[in-house]
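I opened my notebook to look up how the pieces of this fold sit together. Here is what I wrote down, starting with a pair of helices.

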Amino acid sequence: MNLNVEIDNGSGFCFGVTTAIRKAEEELAKGRKLYCLGDIVHNGMEVERLHEQGLETINHEQLKALHNAKVLLRAHGEPPETYELARQNNIEIIDATCPVVLALQRRIKHKWSVSREAQTVIFGKKGHAEVLGLVGQTHGEAIVVESLDEVKQKIDLSKDINLYSQTTKNLDEYRHIIEYIQGNVSPEAAFKSYDTICRQVANRMPHIAEFAAHHDVILFVCGRKSSNGHALFTRCKEVNANSHLVERRDEIDFSWFNGAKTVGICGATSTPKWLMEECKDAILSY
């Protein structure tokens with residue numbers, strides 16, 4: 001197959017994920033038992049690779065039964081009750097919470113504690129690990145909205161509002177929500193919005209659109225649990241209809257490349273570079 005295959009330099013792990021995986025590998029190299037609360041990254045192949053090195057993924061129910069162990073907290077962050085449970089169960093925490101997420105948690109906690117009468121609103125994906133950690137800073141009082149429609153349904157525009165965003169959400173969507181609240185909030189109510197979207201992630205959206213436009217076919221590699229991956233793949237598809245999502249190389253359908261001269265391989269903030277390289281090798285050796 002005579003194809004030019006290019007891997008997008010801007011794709012792959014973000015800083016937070018890179019740090020979490022490095023911390024896990026350093027600990028595993030010491031030969032000690034290490035647990036991770038939830039998948040360390042939303043990519044099944046990378047989770048498998050680290051599992052083979054000894055990393056065991058547990059959920060919150062399993063954490064309750066764990067004592068005298070070492071547990072890594074992934075980049076998404078955790079609510080305060082997780083730290084309290086770890087203290088009670090004599091669990092040593094290796095905290096790999098992304099610094100951007102950690103700063104947001106602290107900001108929400110402080111603002112909520114000094115202005116309890118205001119609504120704390122978080123634009124994010126319900127049930128997402130990062131969002132659960134953010135809501136936990138308000139003892140569960142924060143209101144999570146996934147869309148502008150939900151803002152219209154759930155938010156009382158006659159009361160004070162403090163608005164934040166999950167760090168990996170779409171910047172344009174967040175701006176539309178801010179504009180709507182600004183235009184409709186009561187003159188008697190105070191409205192503050194905070195710029196909490198990670199630029200390392202947000203800047204990938206225009207970059208990946210440009211990348212997708214430059215190739216005949218796009219192979220987007222990411223885990224199906226990745227919300228960031230879903231958003232980026234959707235953007236690729238908008239720009240290039242010949243965009244295909246795979247989680248691993250054995251999902252590649254080589255008929256996708258019939259008649260193509262160039263293939264672009266890209267992925268999410270949770271996609272390891274080695275996996276994109278594997279996919280490239282599979283295409284070139286077909």
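I looked at helices H10 and H11 first, and their crossing is right-handed (the near helix is turned clockwise from the far one by less than a right angle). I noted that the contact involves Arg 204, Met 205, Ile 208, Ala 209, Ala 212 and Ala 213 of H10, and Ala 231, Leu 232, Arg 235, Cys 236 and Val 239 of H11; contact means heavy atoms within 4.5 Å.

This is a predicted model, in which local features need pLDDT of at least 70 and side-chain atom pairs count only at pLDDT 80 or more, while totals for chains, interfaces and linings use all residues. Residues are numbered from 1 along each chain as its sequence is written, and side-chain values use heavy atoms, without hydrogens and water.

How do the axes of H10 and H11 cross, and within what distance do they come? The axes of H10 (residues 204-213) and H11 (residues 227-239) come within 9 Å and cross at roughly 40 degrees. Axes are lines fitted to C-alpha atoms, for helices over the stretch in contact, with angles from 0 to 180 degrees between N-to-C directions. H10 and H11 are therefore oblique to each other (not under 35, over 145 or 65 to 115 degrees).

Next I turned to the sheet: 4 strands form an open sheet in the order S3-S2-S4-S5, with parallel pairing. Strands pair if DSSP finds at least two bridges between them; helices (H or I, at least four residues) and strands (E, at least two) are DSSP runs, numbered from the N terminus. I marked S3 (55-58) and S5 (92-95) as the edge strands.
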